[in-house]
Amino acid sequence: MSKKIGILTGGGDCPGLNAVIRGVVKSAVIRHGWEVIGIEDGFDGLLDINKCRPLTLESVRGILPRGGTILGSTNRGNPFLFPMEENGRTVHVDFSDRAIENIRSLGLDALITVGGEGSLKIALELWKRGVPVVGVPKTIDNDLRETDFTFGFNTALETATDALDKLHTTAESHHRVMIMEVMGRYAGWIALESGIAGGADVILIPEIPYDIEKICQAIRRRCERGSRFSIIVAGEGAFPIGGDRLVAKGPDERNAIERLGGIGQFVAHQVEKCLEMDARVMVLGHLQRGGSPSTFDRALGTRFGTKAVAMVAAGQFGQMTCLKGRTIGTASIESATNALNTVDPDGEIVKAAEDIGITLGR
Ligand SMILES: Nc1ncnc2c1ncn2[C@@H]1O[C@H](COP(=O)(O)OP(=O)(O)OP(=O)(O)O)[C@@H](O)[C@H]1O
Ligand SMILES: O=P(O)(O)OC[C@H]1O[C@](O)(CO)[C@@H](O)[C@@H]1O
Ligand SMILES: [Mg+2]
């Protein structure tokens, strides 16, 4: 039976989103002869029927190597808590009925939601209200459960590792401590894995509060051995023992969640205070969300896209695609999003880092 499926991309963008969209459209059209409707700007597009357009084979031609998402995204839109201006202030209104009405009036048989834990939680709420939802786990943070990897993470790692290689030469020339601040609000995956791959000397992650003394000792030991420079990678959510995450901008009416930032500068200041060395900071920022997806993310995104379509065909709703080992499978959205996938401070990857002398500040 012919079907019409909707697809939206929600949350922060990442490389590989277009690979998923292309995978969905190509398999829906080629394998099943179905129609696909692209919904613009995440869940916001569900509130405005003019933001929904057919996606054809022509629409997805050439998008595989492109970063970002041809559908647009937002990490603010939530139809259950939609921000509206009322008498000069922002109020949050539940527009989920309108979203569900639009899904029905578009004649959608399923809604594929590509997003991180925030977007997938919204998808889950819609599913509980009767919308046939299939999820695809996306995020550079790799903080979703029930999948070994989210797509986007691998490309972010490549970018961060490349940046570390470049920082090494200037750190060495100037005998400096170079600190690179990377993303990952509550999970230190990017810091940990790029730090290992890029030869960092110190890695700071939100899961392990750090002791500045331990960091300074490690840098001193390196100097004594003749390495008069050090490289520190700090996840944006890292914080000292007894301290708190550094907030660049607190929550406001437009952003429910605070913007993190500043840990790099904070550590630089602490290091300069306890060592006779110059420290410099590089905030990698949104560079790690951009660029062409890696081979891994192109393949994973494509496989997730085709699996999502297969799940629609099989009626597996309230579920998302996942990668376990080398195999693509399905997992419950509820269990993937009810807690974050964070780094195990006693796990194998942290141990590998410490075994080769990397300091995690403990
Ligand atoms: N626990 C939650 N329950 C319901 N909605 C949430 C929750 N957390 C976030 N949201 C909403 O989901 C939307 C997207 O969330 P968020 O910005 O975290 O993106 P995401 O999909 O998780 O992707 P990423 O974190 O990788 O950017 C935002 O509108 C946010 O308000
Ligand atoms: O693009 P924004 O709104 O600054 O969001 C940044 C956040 O989004 C992410 O890139 C993805 O969740 C986080 O790592 C980061 O904290
Ligand atoms: Mg999120």
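Colleague: How many disulfides does a search of the whole structure find?

Modeller: Just 1 disulfide turns up in a search of the whole structure. Keep in mind that this is a predicted model.

Colleague: What makes Cys216 and Cys274 a disulfide?

Modeller: The cut-off for a pair of cysteine sulfur atoms is within 2.5 Å. The sulfur atoms of Cys216 and Cys274 are 2.1 Å apart, so the pair counts as a disulfide. In general, that is a covalent bond between the sulfur atoms of two cysteines.

Colleague: And why is the disulfide of Cys216 and Cys274 called left-handed?

Modeller: Look at the torsion about the S-S bond: for Cys216 and Cys274 the value is about -55°, so the disulfide is left-handed.

Colleague: On to the ligands. What makes the pairing of Ser119 with ligand 1 a polar contact?

Modeller: You need a pair of N or O atoms within 3.5 Å. An N or O atom in the Ser119 side chain is 2.4 Å from an oxygen atom of ligand 1, so that one qualifies. Arg76 joins in through a polar backbone atom, 2.9 Å from an oxygen atom of ligand 1.

Colleague: What about Lys121 and ligand 1?

Modeller: There, an N or O atom of the Lys121 side chain is 3.5 Å from a nitrogen atom of ligand 1. The limit is within 3.5 Å, so Lys121 is right at the cut-off. As for cover, the protein takes up 75% of the 600 Å² of accessible area that ligand 1 has on its own.

Colleague: Which residues come nearest to ligand 1?

Modeller: Of the 16 residues around ligand 1, those are Gly12, Gly116, Glu117, Gly118 and Ser119.

Colleague: How do you know that ligand 2 lies between domain 1 and domain 2?

Modeller: Domain 1 (4-151 + 293-337) and domain 2 (155-289) both give residues to the shell around ligand 2, so that ligand lies between them. The residues around ligand 2 include Asn75, Asp141, Arg185, His286 and Arg289.

Colleague: What makes Asn75, His286 and Arg289 polar contacts of ligand 2?

Modeller: Same test, with N or O pairs within 3.5 Å. Each of these has a polar side-chain atom by an oxygen atom of ligand 2: 2.9 Å for Asn75, 2.9 Å for His286 and 2.8 Å for Arg289. The protein covers 77% of the 400 Å² of accessible area that ligand 2 has on its own.

Colleague: How does the shell around ligand 2 divide, by nonpolar, polar and charged?

Modeller: There are 2 nonpolar, 3 polar and 4 charged residues in the shell around ligand 2.

Definitions and conventions: Residues are numbered from 1 along each chain as its sequence is written. Chains are lettered from A and ligands numbered from 1 in the order in which they are written. This is a predicted model: local features need pLDDT of at least 70, side-chain atom pairs count only at pLDDT 80 or more; totals for chains, interfaces and linings use all residues. Side-chain values use heavy atoms; hydrogens and water are left out. A residue is near a molecule or strand if one of its heavy atoms lies within 4 Å of it. A polar contact is a pair of N or O atoms within 3.5 Å; within protein, one must be able to donate a hydrogen and the other to accept it, and residues adjacent in sequence count only if both atoms are side-chain atoms. Accessible areas come from the Shrake-Rupley method with a 1.4 Å probe; for residues, only the protein chains shown count as cover. Ala, Val, Leu, Ile, Met, Phe, Trp, Tyr, Cys and Pro count as nonpolar, Asp, Glu, Lys and Arg as charged, and the others, Gly among them, as polar. Domain bounds come from an automatic or database domain assignment.
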